[in-house]
Amino acid sequence: MFLRSLPSSSAFRSAARRISAVRMAAISTASEEKGASSAEKEQRHQLPSNPPPLQVAKRLEKFKTTIFTQMSMLAIKHGAINLGQGFPNFDGPEFVKEAAIQAIKEGKNQYARGYGVPELNSAIAARFKKDTGLEVDPEKEVTVTSGCTEAIAATMLGLINPGDEVIIFAPFYDSYEATLSMAGAKIKSITLRPPDFGVPVDELKSAITKNTRAIMINTPHNPTGKMFSREELELIASLCIENDVLVFTDEVYDKLAFEAEHISMGSLPGMYERTVTMNSIGKTFSLTGWKIGWAIAPPHLTWGFRQAHSFLTFATSTPMQWAASVALKAPDTYFEELKKDYSVKKEILVEGLKAAGFIVYPSSGTYFVVVDHTPFGYENDVAFCEYLIREVGVVAIPTSVFYLDPEEGKNLVRFTFCKDEDTLRAAVKRMKERLHKR
Amino acid sequence: MELKLSKASRSLTPSPIQELSHLAQRCGAINLAEGFPDFSAPPHIKSAAVAAINADLNQYRHVQGICDQLAVMMKQNHGLDVNALTDFVICCGQSEAFAATILATIDQGDEVLLFDPAYETYASCIILAGGIPVNVPLEPPHWTLNVDKFMKSFTSRTKAVVLNSPHNPTGKVFSKEELEAIAAACCQMDCLAITDEVYEYITFDLQKHISLASLPKMQERTIITSSLSKTFSVTGWRIGWACAPSTIASAIRNIHIHVTDSAPSPFQEAALAALQSPPGYFKSLKAEYEARRDFVIQMLSDVGFQISFKPQGSVFVFAELPKNWLVSDIEFVKILIEKAGVAAVPGRGFFHGDIDDQNLRTRYVRFAFCKGSDTLNAAAQKLRDIVGSTGHLQL
């Protein structure tokens, strides 16, 4: 490996953060506590009776238990049908799996170039051109990462200085807030509200100022299924150009756009130079565990991104990159079939949720639907989800964890339809039969 | 738009070492620079990965079996009792395990001690987290730890010590005495220890790799990081882990979940097969690498190098340029690429702190021997082709 020179340590401004004593127990995830009793664990650990004071970074003080893990554990315990966690229970296409197997057998098992296998960078650029008409340089403007999750982390850690103001739309995928906290950013949240989760124009106009460093946009949107319209994107764009603001987009569900056309912010006039466009193969090809994602950005933004990426993971899984380059060249028919299959699944779920008594909000994209659970009389989303698992045998995700203020999300829960039809039908049946108003 | 760059990225400049890398590529040089193998990964491990893909194990996963097996190995190899359910975080390579550990433990202004020369990424990670890397020079020619200097490097802001053993680039394996000194300091100063043990199974001459965590009172303050990459010749699979007391592991896990969330699933499955390899596998690994080490040392000695420090572990030789070769490390590597068609790494990029003799930082070259016999033989031949009448390289 060849080396680069290092930045000087004076390069970072200090963040002004205070910490109250944080005991680790407050932030450990629920999943680790299964199995061993605490007494057994103490014994195995041979911890001293007075362990040293906890030495954990301040950046973790806002971390909550990940709700996905909690709900999954409860689901397993009760044999519930899991429509909570957003990954398929069916597998990816054979031609992509075969490509990975070929790569392994051909010995493509050593470090790939840090910013991506050239064939994949090219395939990503070609796909982006097909989808948006934009021509980008695969060598200077495309970077491959371990999933879109890492792209988000590298964007925040590579481009955001401590104290920078960043706007996110609630409800938001939890890693946006987590990585912004890690970067020491000041987070401003704008809430999208039912029934259509439209962007509140006045609130947006007063939120974006000369002090704003960046705005994060997830479209199609997890958890609501909202797709940002051209009008909304144009408004955001004009405010960003006026105030010199960066845009970070998470477009992992772009191929699951049912009711509207997916629009990439980077393709709007004046926007490419200030946009980091992120995506991955996980959702499009039902291979969420392969962790192949990427960011497309102009060279002056790619530079900072690549620095962070090189420290976070250094390089991305080589055989999967080769397979991804094959996947991205899939014919149009693949994507048409994908949409058709998911549309059928969506129909089953939405019809079932309506019949079961939920208020169902229309979802234009992704494989998620959010519903209002209040007709059933539970005080909040977490209580409702616990009831749903225990008494009905179905898992949904309480959406309050996707807001800075959990109160804002307490009426909503999220269901996914990235499951085979039998599973969806079984879940719908359980809900129709067992869901009761309190 | 320039103002949109973070301060850190604006301070970085392209390095002369990258230019050498491009030169090597252009000349089609035999690559003894990169620290990854040019021979195949073991067949049984590749088969396991292929089987996993075919068995539809392709969604987000945490393979608990890896942790169970690692716990067994911790006990067998180091006498450590760890909790397989709580003490491990499976990450995308040791790279991510280390980054997540640093982000989980290092705050703005925290100092972290590093032994110099060092793999460059440690300092970069620490800086990314807002920490301050403090370099403790190991003393040439044998890269010994000067305990006095080490102790004097601690301040009230010291949070952790990073220990890479077996060591990149020198090939040093820290001795029991040195580990005891490091352990004593960590305990006395109430610091964490973060280890990089990726070369743990590649030690020579009956040297045993000792994990710092196995020393008295160290387990409770040590985070071990390692990976499959070097042990199983699969540097491109990105399967690594952190092992720490459950409360610290939990913090690392929380970071990891938001950095990548999951290591590649089919390779997690294959990791199980890898870690369950019979003792014979690890024995052969050692023996083969030892033979390669001996070959490369001979190869270098034959052309005039005086190797005063034989690597005790890792896949590298950190060779000092003989005093009568009046070229710098960069000049030497350039000549080697252009004249002999063999690439190596100039040592200066590994030195960060002050070393007693400033000139020494430009006197070392790192050669990797994680290469097949064809490659090594070809390299040796190419070097022999350019020696002069003295039998040594003319520089």
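A cavity is a set of grid points where a 1.4 Å probe fits but cannot get out. The model worked on here is predicted.

**Exercise 1. The cavities**

Find how many cavities of 30 Å³ or more the whole structure holds, then describe the lining of the largest cavity.

*Solution.*
Step 1. Rolling a probe the size of a water molecule over the atoms shows where empty space is left. A search of the whole structure turns up nine cavities of 30 Å³ or more.
Step 2. Take the largest cavity. Its volume is about 190 Å³.
Step 3. List the lining. It has 19 residues. Nearest the centre lie A:Y111, B:Q94, B:Y119, B:V198 and B:K230.
Step 4. Look for the main contributor. Helix α5 (residues 93-105) of chain B gives the largest share of the lining, three residues.
Step 5. Sort the lining by class. Eight residues are nonpolar, eight are polar and three are charged.

**Exercise 2. Chain A as a whole**

State what share of the 438 residues in chain A is buried, and how many helices and strands chain A has.

*Solution.*
Step 1. Count the elements. Chain A has 13 helices and 13 strands.
Step 2. Apply the cut-off for burial, under 20% relative accessible area. Buried residues make up 62% of the 438 in chain A.
Step 3. Turn to contacts between residues at least 6 apart in sequence. In chain A, 76% of these join residues at least 24 apart.

**Exercise 3. Two helices in chain A**

Decide how helix α11 (residues 332-356) and helix α13 (residues 421-434) of chain A are oriented: roughly parallel or roughly antiparallel?

*Solution.*
Step 1. Read the geometry. The helices pack at an angle of about 5°, and their axes are 9 Å apart.
Step 2. Compare with the cut-off. Angles under 35 degrees count as roughly parallel. Therefore α11(A) and α13(A) are roughly parallel to each other.
Step 3. Name the contact residues. From α11(A) they include A:V344, A:I348 and A:L349. From α13(A) they include A:L424, A:V428 and A:M431.
Step 4. Sort the contact by class. Nine of its residues are nonpolar, one is polar and five are charged.

**Exercise 4. Two helices in chain B**

Work out the orientation and the contact of helix α11 (residues 279-302) and helix α13 (residues 373-385) of chain B.

*Solution.*
Step 1. The packing angle is about 10°, with axes 10 Å apart.
Step 2. α11(B) is therefore roughly parallel to α13(B).
Step 3. On the α11(B) side, the contact is made by B:R292, B:F295, B:V296 and B:M299. On the α13(B) side, B:L376, B:N377, B:A379, B:A380 and B:L383 take part.
Step 4. By class, these residues are seven nonpolar, one polar and one charged.

**Exercise 5. Two strand residues**

Place A:T191 and B:L114 in their strands, and say whether each is buried or exposed.

*Solution.*
Step 1. A:T191 is in strand β4 (residues 186-191) of chain A. At 5% relative accessibility, A:T191 counts as buried.
Step 2. Check a distant partner in sequence. A:T191 and A:D405 are 214 residues apart in sequence, and 9.9 Å apart from C-alpha to C-alpha.
Step 3. Set aside neighbours within four places in sequence. A:T191 then contacts A:A170, A:P200, A:E203, A:Y403 and A:E408.
Step 4. B:L114 is in strand β3 (residues 111-116) of chain B. Its relative accessibility is 3%, so B:L114 counts as buried.
Step 5. Leave out neighbours within four places again. Among the contacts of B:L114 are B:Y122, B:I126, B:V136 and B:V162.

**Exercise 6. Backbone exceptions**

Find where the cis peptide bonds to A:P223 and B:P141 lie, and which loops hold A:F314 and B:W143.

*Solution.*
Step 1. Recall the background. Most residues other than glycine have a negative phi, and most peptide bonds are trans.
Step 2. A:N222 and A:P223 are joined by a cis bond with omega of about 15°. A:P223 lies in the loop between β5 (212-218) and α8 (230-243) of chain A.
Step 3. The bond from B:P140 to B:P141 is also cis, with omega near 0°. B:P141 is in the loop between β4 (132-137) and α7 (147-152) of chain B.
Step 4. B:W143 is in the loop between β4 and α7 of chain B. Its phi is positive, about 55°. B:W143 is buried, at 1% relative accessible area.
Step 5. A:F314 has a positive phi near 70°. The loop between α9 (299-312) and α10 (318-327) of chain A holds A:F314. With a relative accessible area of 19%, A:F314 is buried.

How values were computed
Residues are numbered from 1 along each chain as its sequence is written. Chains are lettered from A and ligands numbered from 1 in the order in which they are written. This is a predicted model: local features need pLDDT of at least 70, side-chain atom pairs count only at pLDDT 80 or more; totals for chains, interfaces and linings use all residues. Side-chain values use heavy atoms; hydrogens and water are left out. On a 1 Å grid over the protein atoms alone, a cavity is a set of points where a 1.4 Å probe fits but cannot get out, and a pocket is an open set with protein on both sides within 12 Å along at least five of seven lines; lining residues have an atom within 4 Å of a point. Grid points are joined across faces, edges and corners, and a volume is the space filled by probe spheres set on the points. Helices (H or I, at least four residues) and strands (E, at least two) are DSSP runs, numbered from the N terminus. Ala, Val, Leu, Ile, Met, Phe, Trp, Tyr, Cys and Pro count as nonpolar, Asp, Glu, Lys and Arg as charged, and the others, Gly among them, as polar. Axes are lines fitted to C-alpha atoms, for helices over the stretch in contact, and angles run from 0 to 180 degrees between N-to-C directions. Angles under 35 degrees count as roughly parallel, over 145 as roughly antiparallel, 65 to 115 as roughly perpendicular and the rest as oblique. Contact means heavy atoms within 4.5 Å. Buried means under 20% relative accessible area, exposed over 50%, partly exposed in between (1.4 Å probe, protein chains only).
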